[in-house]
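Me: Please take one part of this structure and look at it closely, in a single connected account. I am new to it and would like each term explained where it comes up.

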Amino acid sequence: MRVVIVGAGLGGLALAHGLRAAGIDVAVHERSSRTGPQPASYGIHINDHGNRALRACLPPENWARFDRSAAPAPNAVRFRDQDLTVLTDLELGSPAENADPITHRRAVRRDDLHRALRCGLDPVIHWDSTFVSYAQRPDGTVRVDFADGTSTEGDLLVGADGSNSRVRRQYLPELVRHELGILDVAGRLPLDHPAVRVLPADMTDGSVNNVVPRGSGWLFASTWPASHDGAPESGTDDGVLVWAYAAAREAYPDDVESLDAAALQRWVGDRVAGWDPRVVAMIAASAPDTVAPVSLRSMSTLPDWESSTVTVLGDAIHSMTPMAGIGANTALRDADTLRRALTDPGPDDLVARIRRYEERMRGYANEALAVSTRNARNAASTHRLPRLAFRTLLTATNAVPALKRTVFPATRQSVPGAG
């Protein structure tokens, strides 16, 4: 069997490793150059699903490199008021799972993880190779054409080419991302910055923090460790704190996308002016070149479709908001689910195996899409009574552990996060 993967992102590279380990011929085609910039992201929290997928797909040396470059992160989510008082904190997962050397939550820089995934794949990655279209032959094989006039063939084409997937556009043209009417303004600053050092210690320990004010708006904050995977190209970046202010699109100026970073920063500063002075200082201290608006988009619930020798994974099929912290983890889970569908004992028919993957993927992906969208809409809500009720519920759960267990079951897909 020969599998052609379009896209050298996290999911595509994890799948390539997993299939090669099973003796399957793999070719990865990536439109960017080998030395091109990576997607804009400061870090990822890898949950139990992501860790299991990486462990299953990666050779031991790649897993070890990932493990070295990542830092243990508390499996905790905290909700705070605008004065940074904790309304409730949630410890997610079981004690055994959190202590497990495989599944315990990790914080990793995206570029470190990408390097760990690229190692050993140089022979099969074709850089500067932009997908144009594919054609399925009567025998089920797929011809794949690229912008430079070259082409290749395979038994299976996998679109792992991100949220603007060209493979999905041809394969499932009716599935498109839609705007949620919500905008994030995000920024960052070094962990050793004075404005970070004065924050509560449990706000800079790698946990997820959500500041829920009485009025509109919502602030997310978390930290990632310094890059330390030992690679010369990893540089000397310090650890970072990343913040993101979310609000409904209509709350922003009409020309928000055209505002420069300094103007965006001032706008967020004005919105949090009555909050804890440490939050105000954190926003003001961020370097303007790290501040940018992000319009939140998401796929809708994935419908069934007729399986074939073309399939998709990751953001190419279930692009979601960052408001559940599970986008990258879901892509890694896709890679392992597809790997197992292709390599575990089962039917000889390739399309039947792809159908098995797609059915399983739609199940957990639709759950993730729903949670991510719900979290984003809750964060951007301008309705005061629901916000008051939510804050009251948070305070009540902190006082009554049984209520907390009922309202917030221990699941990665229940609360806002990053990644």
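Reply: A residue counts as buried when its relative accessible area is under 20%, as exposed when that area is over 50%, and as partly exposed in between (1.4 Å probe, protein chains only). By that scale Arg 362 is buried, at 7% relative accessibility. The model is a predicted one, in which local features need pLDDT of at least 70 and side-chain atom pairs count only at pLDDT 80 or more, while totals for chains, interfaces and linings use all residues. Residues are numbered from 1 along each chain as its sequence is written, and side-chain values use heavy atoms, with hydrogens and water left out.

Arg 362 forms a salt bridge with Asp 304, with 3.3 Å between the closest N and O atoms; the term stands for a side-chain nitrogen of Lys or Arg within 4 Å of a carboxyl oxygen of Asp or Glu. Because Arg 362 lies in helix H12 and Asp 304 in the loop between strand S17 (292–298) and strand S18 (310–312), the pair ties together parts that are 58 residues apart in sequence. Helices (H or I, at least four residues) and strands (E, at least two) are DSSP runs, numbered from the N terminus. Asp 304, at 65% relative accessibility, counts as exposed, whereas its partner Arg 362 is buried.

Helix H12 (residues 350–380) also packs against H11, their axes coming within 9 Å and crossing at roughly 155 degrees. Such axes are lines fitted to C-alpha atoms, for helices over the stretch in contact, and the angles run from 0 to 180 degrees between N-to-C directions. H11 and H12 are therefore roughly antiparallel to each other (over 145 degrees; under 35 is roughly parallel, 65 to 115 roughly perpendicular and the rest oblique). H11 passes H12 in a right-handed crossing, meaning that the near helix is turned clockwise from the far one by less than a right angle, anticlockwise being left-handed. Among the residues that meet (contact means heavy atoms within 4.5 Å) are Arg 333, Asp 334 and Leu 338 in H11 and Arg 353, Tyr 357 and Tyr 364 in H12. By class, this contact of H11 with H12 has 9 nonpolar, 3 polar and 6 charged residues, where Ala, Val, Leu, Ile, Met, Phe, Trp, Tyr, Cys and Pro count as nonpolar, Asp, Glu, Lys and Arg as charged, and the others, Gly among them, as polar.

H11 (residues 327–343) packs with H1 (residues 10–21) as well, at an angle of about 25 degrees and with the axes 8 Å apart. That makes H1 roughly parallel to H11, and the crossing of these two is right-handed. H1 contributes Leu 10, Gly 11, Ala 14, Leu 15, Gly 18 and Leu 19 to the contact, and H11 contributes residues including Ala 328, Ala 335 and Leu 342. This contact of H1 with H11 divides into 10 nonpolar, 3 polar and 1 charged.

The salt bridge of Arg 362 can be set beside others, for the whole structure holds 15 salt bridges. In one of them, Arg 78 and Asp 202 meet at 3.6 Å, N to O. Arg 78 sits in strand S5 (residues 76–80) and Asp 202 in the loop between helix H7 (194–197) and strand S14 (208–211), 124 residues apart. Arg 78 is buried at 9% relative accessibility, while Asp 202 is partly exposed at 26%.
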